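Dear colleague,

I am handing over to you the structure shown below. My findings follow it, arranged by region.

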Amino acid sequence: MTADLILGIETSCDETAAALVARGTDVMSSVVSSQIELHRRYGGVVPEVASRAHVELLMPVVAQAIVEAGVEDRAIEAVAATHGPGLVGALLVGVSAAKAMSLVWDVPFVAMNHLEAHLYAAFLEEPELEMPLVILLVSGGHTMLVVMEDHLRYRVLGGTVDDAAGEAFDKVARHMDLGYPGGPVIDELAMQGNASAIAFPRAMANDGWDFSFSGVKTAVINHVRKHPDTDVRDVAASFQEAVVDVLVDKARRAARDVGAKGLCLAGGVAANSRLREKTLDVCVADGYRAFLPSRSMCTDNAAMVAAAAWWRLQADGPSPLDIGANPSLRLPVIG
Ligand code: KG4
Ligand code: ZN
C-alpha cells in the first residue's frame, strides 16, 4: 500500500512533534515543541511531566504542522506515530492520538519504531543514498552501529554495553553543573578548550563493535573532583574528544569491513560539531561519502517518523489498531 502524504507524530521522550512529509522525502512542515524548559529544573526528563505536556501540546502542534504545510485535512493519506522505544506514557499520547485521527479521517495508521525513524532522517535530505550504508546511531538512549543493506533491511553490528553516548554527555554535564541537556553545552564549551589537555580513557577502542562510555564518564567525574581548578573548557573538549574518537574509529572500521558506500550519522549526538567534523575527515580520507543530516533532523522530530513510515507502509501495510506502545521495542533486523 502507498500513501503519498503522511502525517508523522513523535512523542517518545521530551519533544512533541508533528510533520507532513510527501513520498518519504519532501518535508512540507516539521513542527517540534521542546519540553526542555519544563525538565531543566529537574536535571533530566521526568516521565509523568513529559506525558502531561504531550497531552497539552500535541493537538496544537499537529494543527500547526497542517497549517504550515498548507494542505486540507482530507489530503492526509496516512497517520504514523512512534510506538517505541521510549517512555510508555509519552508514547501512548502520540499513538492514541494517531489512531483516533486515522479513524476519523479513514486513513491507515502506521506504528513506527523510533530507531528506524532516526535511520531515515538522512534520506529526507539525500533521497538517493547508496547502500550498503554504515549508520552510527547515537542518541540519549541509544548507541548503535548499524549496517543498512537496503531499505528496511538492517544488521546491528554493536551497541553500548552501559551508558548511551548522549547519556554520558548529559551525566558529565549534570555532574559539572553545566545544565541540561548536556550535549549542546559541552559541544559549545569544547570549542574553546584544548582537546588534548587531559587523556581520558577510550574504552573498548580496538575491541569488537560494542561501546562503553561509563568509564570515561567516571574518569571525568574523578578528574574534576581531584582537580577542581581545571579549566572546564579543557575538560569538556578532552571528554568530547575521547567519546568522538571511539565512535568514529569504530564506524570507520565498520565502513571498511562491509565495503560501505557511505557513512551516516543519526540521533541527537549526531548534532555534535566535533563528531560531524571528524566523520567528514575520515570519509574524505577513505574515499566514501559522509551523510550528516542537518542538526534539526538529528534530534527528535516527526519528519523522520513520516519518512520511515512511507517505506514501512509499502512493505507491511497499515498497523492494526490494537497495537500498543512498546517502551523496549528493538530495531527489526534481518537474519
Ligand atoms: O535523539 P535525541 O533527540 O533523543 C533521544 O532519542 O535520545 O537525542 C538527545 C541526546 C541528548 O543526550 C543530548 O545531550 C544529545 O542528544 N545531544 C548532543 C548534542 N545535541 C544533542 N550531544 C552532543 N553534542 C550535541 N551538540
Ligand atoms: Zn531519538
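**Helix α5 and its surroundings**

The buried residues of α5 pack against β6 (133–138), β7 (143–150), α6 (182–190), α7 (214–226) and α8 (232–258). Please bear in mind that this is a predicted model. Helix α5 covers residues 165–175, and its buried members are Ala165, Gly166, Ala168, Phe169, Asp170, Val172 and Ala173.

Aspartate 177 follows α5 and lies in the loop between α5 and α6. Its phi is near 55°, a positive value in a residue other than glycine. Aspartate 177 counts as exposed because its relative accessibility is 71%, and the cut-off for that class is over 50%.

**Ligand 1**

Aspartate 170, one of the buried residues of α5, also belongs to the surroundings of ligand 1. There are 20 residues around this ligand, and those that come nearest are Gly140, Asp170, Gly183, Asp187 and Gly268. Three polar contacts may be described individually:

- The side chain of aspartate 170 has an N or O atom 2.7 Å from an oxygen atom of ligand 1.
- A polar backbone atom of glycine 183 is 3.0 Å from an oxygen atom of ligand 1.
- Aspartate 300 places a backbone N or O atom 3.1 Å from an oxygen atom of ligand 1.

On its own, ligand 1 has 550 Å² of accessible area, of which the protein covers 89%.

**The zinc ion**

Aspartate 300 appears again at ligand 2, a zinc ion, where the coordinating residues are His114 (NE2), His118 (NE2) and Asp300 (OD), at 2.0 to 2.1 Å. Along the chain, the donors follow the spacing H-x3-H-x181-D. Histidine 118 belongs to helix α4 (residues 114–125), whereas aspartate 300 is in the loop between α10 (295–298) and α11 (303–316), so the pair ties together parts that are 182 residues apart in sequence. Both histidine 118 and aspartate 300 are buried.

Why is the arrangement around the zinc ion irregular? The 4 donor atoms subtend angles of 94 to 143°, and four donors count as tetrahedral only if all angles lie between 85 and 135 degrees. The range of 94 to 143° therefore makes the arrangement irregular.

**Helix α4**

The helix that holds histidine 118 is mostly covered, with 11 of its 12 residues buried. Among the buried residues of α4 are His114, Glu116, His118, Tyr120 and Phe123. At the N-terminal end, asparagine 113 acts as a cap: one of its side-chain oxygens lies 2.8 Å from the backbone nitrogen of leucine 115.

**Helix α11 and the segment after it**

Is valine 305, a residue of helix α11, buried or exposed? Valine 305 is buried, because its relative accessible area is 0% and the buried class is under 20%. Leaving aside neighbours within four places in sequence, valine 305 is in contact with Gly8, Ile9, Glu10, Ala80, Ala81, Thr82, Met112 and Ala117. One of these, Ala117, is itself a buried residue of α4. Valine 305 and valine 21 are 284 residues apart in sequence, yet their C-alpha atoms are 9.2 Å apart in space.

Serine 319 is placed in the segment after α11. Serine 319 counts as buried because its relative accessibility is 18%. A polar atom of the serine 319 side chain lies 2.9 Å from the backbone nitrogen of alanine 111. With neighbours within four places in sequence left aside, the contacts of serine 319 are Phe109, Val110 and Ala111.

**Backbone features in loops**

Two cis peptide bonds deserve mention here. One runs from glycine 84 to proline 85, with omega near -10°, and proline 85 lies in the loop between β4 (78–84) and α3 (88–105). Another joins methionine 131 and proline 132, with omega about 5°, and proline 132 lies in the loop between α4 and β6.

Arginine 23 has a positive phi of about 50° although it is not a glycine. This arginine lies in the loop between β2 (15–22) and β3 (26–34). Arginine 23 is partly exposed, with a relative accessible area of 42%.

With kind regards

Conventions: Residues are numbered from 1 along each chain as its sequence is written. Chains are lettered from A and ligands numbered from 1 in the order in which they are written. This is a predicted model: local features need pLDDT of at least 70, side-chain atom pairs count only at pLDDT 80 or more; totals for chains, interfaces and linings use all residues. Side-chain values use heavy atoms; hydrogens and water are left out. Donors are N, O and S atoms within 2.8 Å of the metal (3.2 Å for Na, K and Ca); water is not among the atoms, so sites may look incomplete. Four donors count as tetrahedral if all angles lie between 85 and 135 degrees; four count as square planar and six as octahedral if opposite donors are over 155 degrees apart and all others between 65 and 115; anything else is irregular. Helices (H or I, at least four residues) and strands (E, at least two) are DSSP runs, numbered from the N terminus. Buried means under 20% relative accessible area, exposed over 50%, partly exposed in between (1.4 Å probe, protein chains only). Contact means heavy atoms within 4.5 Å. A residue is near a molecule or strand if one of its heavy atoms lies within 4 Å of it. A polar contact is a pair of N or O atoms within 3.5 Å; within protein, one must be able to donate a hydrogen and the other to accept it, and residues adjacent in sequence count only if both atoms are side-chain atoms. Accessible areas come from the Shrake-Rupley method with a 1.4 Å probe; for residues, only the protein chains shown count as cover.
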